[in-house]
Amino acid sequence: MSHATLSPQPSSLRGAALPKWFSWAVAAGSVVLGLGISSAAGLHSDIQWGLIAAVLFVVLSYGISAKVEGRRQARDRTATSLVWVAFLLAVIPLASLIWETVERGVKVFDVYFLTHSMGVVADTEPGGGIYHAILGTLEQVGLAALISVPVGVLTAIYLVEYGRGRLAKAVTFFVDVMTGIPSIVAGLFILSLWVLILDMGPSGFAGSMALSILMIPIVVRSTEEMLKLVPNELREASLALGVPKWRTILKVVLPTSIGGITTGVMLSVARITGETAPVLLLVWVTNYINTNPFKDPQASLPMYIYLQYMNSSGSGAAYDRAWAAALTLIAFIMILNLAAQAIARWKAPRTGR
């Protein structure tokens, strides 16, 4: 009795598929068509032809895919195309800003620029530096962090570990309100209280208090989310051993979430570093080095950039200093963000055995 040998038959369930390079080819064709349409219509803006190319990329991706692969796969490709277009719309302006800042800022960005103040150098004269502004920014942001971090972390601990009833709801409500407060409002509040009512005068500390108002809700929210991620089993195991709740929070909950808390704090510091309105109202400005943040006006990087740009009177030297100071500020914020990511990875829980 013979048995027939069955050979596997190719499956016919899989429909036609476009090659992997299809998206790149459509993107290149959309750019060429966008340039052609822009040139034919007399449009000279890069933004205009870029938007035309983006629309063509989405439309062509859907049309060709629907013709070859079917409407279901075409909708999937359309969603992917929209994601890429949104990504480019977000990245291109950022890359353009960084490129422009670096290109203009490197003209006077050197060791001398970082280690000297303006002193007796006029805004229209070459020379001078930003040492006094860097010192002022570091002191003002540092004082704001000293005020905000304990208040923010303790508030988050209360909301997560103890908060119940109306008081917790009221605290949560006011934290949400503070998150949306404009920086100018925080500056006006400290101005009316500290400068006008108490007659303390402008100082770096006054600016730090306004910056802390902007920083506290960010610290509270980030810390609150990190504390919620700590498994309840860890708390229950510690309490089952007879450990008091405050000690459980101090020895178990906070060490477990310290990486995320630190990341949130550093991101909040990066958020307030470039604020100008509170500094303009409360700190003012000086061209000389003032190491005492509790007395007299003090320089800062945001105000330095603003004044060099506004008071340049067409001077190329002042413009160059403004761009170099902007480059310094961007570099400082990027370092903070990279440090936050490094700390988050360093303190992340180990999942391996």
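This report covers a pocket, a cavity, two kinked helices and two single residues in a predicted model.

## The largest pocket

The largest pocket holds about 860 Å³ of space. Its lining has 24 residues. Nearest the pocket centre lie Ala54, Trp84, Val85, Leu88 and Ile92.

Three helices each supply at least two residues of this lining: α1 (22-40), α2 (46-68) and α3 (71-105). By class, the pocket lining has 16 nonpolar residues. Six more are polar and two are charged.

## The largest cavity

Rolling a probe the size of a water molecule over the atoms shows where empty space is left. Across the whole structure, the search finds one cavity of 30 Å³ or more. The largest cavity has a volume of about 50 Å³.

Its lining is made up of Thr137, Gln140, Val141, Leu211, Ile272, Thr273, Glu275, Val279, Ser300 and Pro302. Two elements give two or more residues to this lining, α5 (131-162) and α10 (245-273). Helix α5 gives the most, with three residues. The cavity lining has five nonpolar residues, four polar and one charged.

## Helix α5

Helix α5 has 32 residues. At 1.5 Å a residue, α5 should span 46 Å. The C-alpha atoms at its ends are 45 Å apart, so the length agrees with expectation.

The helix also has a kink. The bend is about 25° and lies at Ser148. The proline Pro150 follows shortly after that point.

## Helix α7

Helix α7 covers residues 183-197, 15 residues in total. From first C-alpha to last, α7 reaches 20 Å. That is close to the 21 Å expected at 1.5 Å a residue. Helix α7 has a kink of about 35°, centred on Leu191.

Leu191 is itself buried. The other buried residues of α7 are Ser183, Ala186, Gly187, Ile190, Trp194 and Val195. What do the buried residues of α7 pack against? Their partners are α8 (204-229) and α11 (277-282). Just after α7 comes Asp199, with a positive phi of about 55°.

## Thr78 in α3

Thr78 sits in helix α3. Is Thr78 buried or exposed? Its relative accessibility is 16%, and the cut-off for buried is under 20%, so Thr78 counts as buried.

Leaving aside neighbours within four places in sequence, Thr78 is in contact with Val58 and Tyr62. Helix α3, which holds Thr78, is also one of the helices that line the largest pocket.

## Ile343 in α13

Ile343 belongs to helix α13, residues 316-346. Its relative accessibility is 22%. Buried means under 20% and exposed means over 50%, so Ile343 counts as partly exposed.

Which residues does Ile343 touch, not counting those up to four places away in sequence? They are Gly259, Thr262 and Met266. Val83 lies 260 residues from Ile343 along the chain. The C-alpha atoms of Ile343 and Val83 are separated by 29 Å.

Note on methods:
Residues numbered from 1 in each chain as written. Predicted model: local features only at pLDDT ≥ 70, side-chain atom pairs only at ≥ 80, totals over all residues. Heavy atoms only, no water. 1 Å grid on protein atoms, 1.4 Å probe; cavity = no way out; pocket = protein on both sides within 12 Å on 5 of 7 lines; lining within 4 Å. Points joined across faces, edges and corners; volume = space filled by probe spheres on them. Helix = DSSP H or I, 4+ residues; strand = E, 2+ residues; numbered from the N terminus. Nonpolar A, V, L, I, M, F, W, Y, C, P; charged D, E, K, R; others polar. Expected span 1.5 Å × (residues − 1). Bend = angle between axes of the 7 residues up to and from the residue. Buried < 20%, exposed > 50% of the residue type's maximum accessible area, 1.4 Å probe, protein only. Contact = heavy atoms within 4.5 Å.
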